[in-house]
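Reader: Could you take me through this model step by step, beginning with its interior and then turning to its sheet and loops?

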Amino acid sequence: MQDIFPGYDEAEVLRRVAERWTIGDDDLFPLPKFEIRCPICGSADVQARNWQFVYRDAGGAKYRCNVSFKCTVCSHVMTFGVVVPERMYEMHLSSPGSKLYHWRDVKARLEELGVLPRKRER
Ligand SMILES: [Zn+2]
């Protein structure tokens with residue numbers, strides 16, 4: 001039977017996450033290092049929706065960011081529950097809670113930081 005309760009410690013979880021998401025010391029938001037594809041229709045034409053940092057003290061990793069995308073072809077919405085380092089969480093929240101960023105705010109911040117090139121709205 002497949003092991004669906006692997007029980008990785010936080011260091012191992014973060015090691016795995018870092019292979020697929022930007023969660024390094026200079027990163028403000030987790031961004032995918034891979035192509036996001038819709039699991040329903042297979043399209044890669046997706047739109048980022050929001051980033052929500054959350055704190056959860058229920059065993060395991062405490063700091064997460066739920067990153068959502070919407071398929072612009074079939075409208076399927078998908079959310080990734082990305083475990084993030086405490087350092088990244090503390091750039092957004094100083095105490096346990098949650099903070100939601102709309103994609104326009106994230107895009108503007110990434111442009112300010114030079115992570116994304118500035119471009120005109122279509
Ligand atoms: Zn789709």
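Reader: Which residues have the most contacts inside the largest nonpolar core?

Author: The model is a predicted one, and its largest nonpolar core has 15 residues. As general background, nonpolar side chains tend to be buried together in soluble globular proteins. Within this core, the residues with the most contacts are Trp51, Tyr63, Cys65, Val82, Val83, Val84 and Tyr89.

Reader: Which element gives the most residues to this core?

Author: Two or more residues each come from S1, S2, S3 and helix H2, the last of which spans residues 86-90. With three residues, the element that gives the most is S2.

Reader: Which residues does Tyr63 touch, leaving aside those up to four places away in sequence?

Author: Tyr63 is among the residues with the most contacts inside the core, and in the sheet Tyr55 stands opposite this residue of S2. Tyr55 also appears in the list of its contacts, which, with residues up to four places away in sequence not counted, consists of Tyr55, Val83, Val84, Pro85, Glu86 and Tyr89.

Reader: Which strands stand at the edges of the sheet, each with a single partner strand?

Author: The sheet is open and has four strands with antiparallel pairing, in the order S3-S2-S1-S4. Because each of the two edge strands has a single partner, one side of each is left without a neighbour in the sheet, and these strands are S3 (77-83) and S4 (98-102). From one strand to the next, the twist averages 20 degrees.

Reader: Over how many bridges do strands S1 and S2 pair?

Author: Strand S1 covers residues 46-55, whereas strand S2 covers residues 63-71. Their pairing is in the antiparallel sense, and the number of bridges is nine.

Reader: What angle does the direction of helix H3 make with that of S4?

Author: Helix H3, formed by residues 103-112, packs on the sheet and touches both S1 and S4. Its direction and that of S4 make an angle of about 80 degrees.

Reader: Is Ser75 buried or exposed?

Author: Ser75 is found in the loop between S2 and S3, and it has a positive phi of about 75 degrees although it is not a glycine. In general, most residues other than glycine have a negative phi. Because Ser75 has 10 C-beta neighbours inside 10 Å, and 12 or fewer is the cut-off, it counts as exposed.

Reader: What pattern does the protein chain follow along the sequence?

Author: The protein chain contains three helices and four strands. Read along the sequence, their pattern is α-β-β-β-α-β-α.

Technical notes. Residues numbered from 1 in each chain as written. Predicted model: local features only at pLDDT ≥ 70, side-chain atom pairs only at ≥ 80, totals over all residues. Pairing = 2+ DSSP bridges. Axes fitted to C-alpha atoms, helices over the stretch in contact; angles between N-to-C directions. Contact = placed C-beta atoms within 7 Å. Core = buried A, V, L, I, M, F, W, Y, C linked by C-beta atoms within 7 Å. Buried ≥ 20, exposed ≤ 12 C-beta atoms within 10 Å, placed from the backbone.
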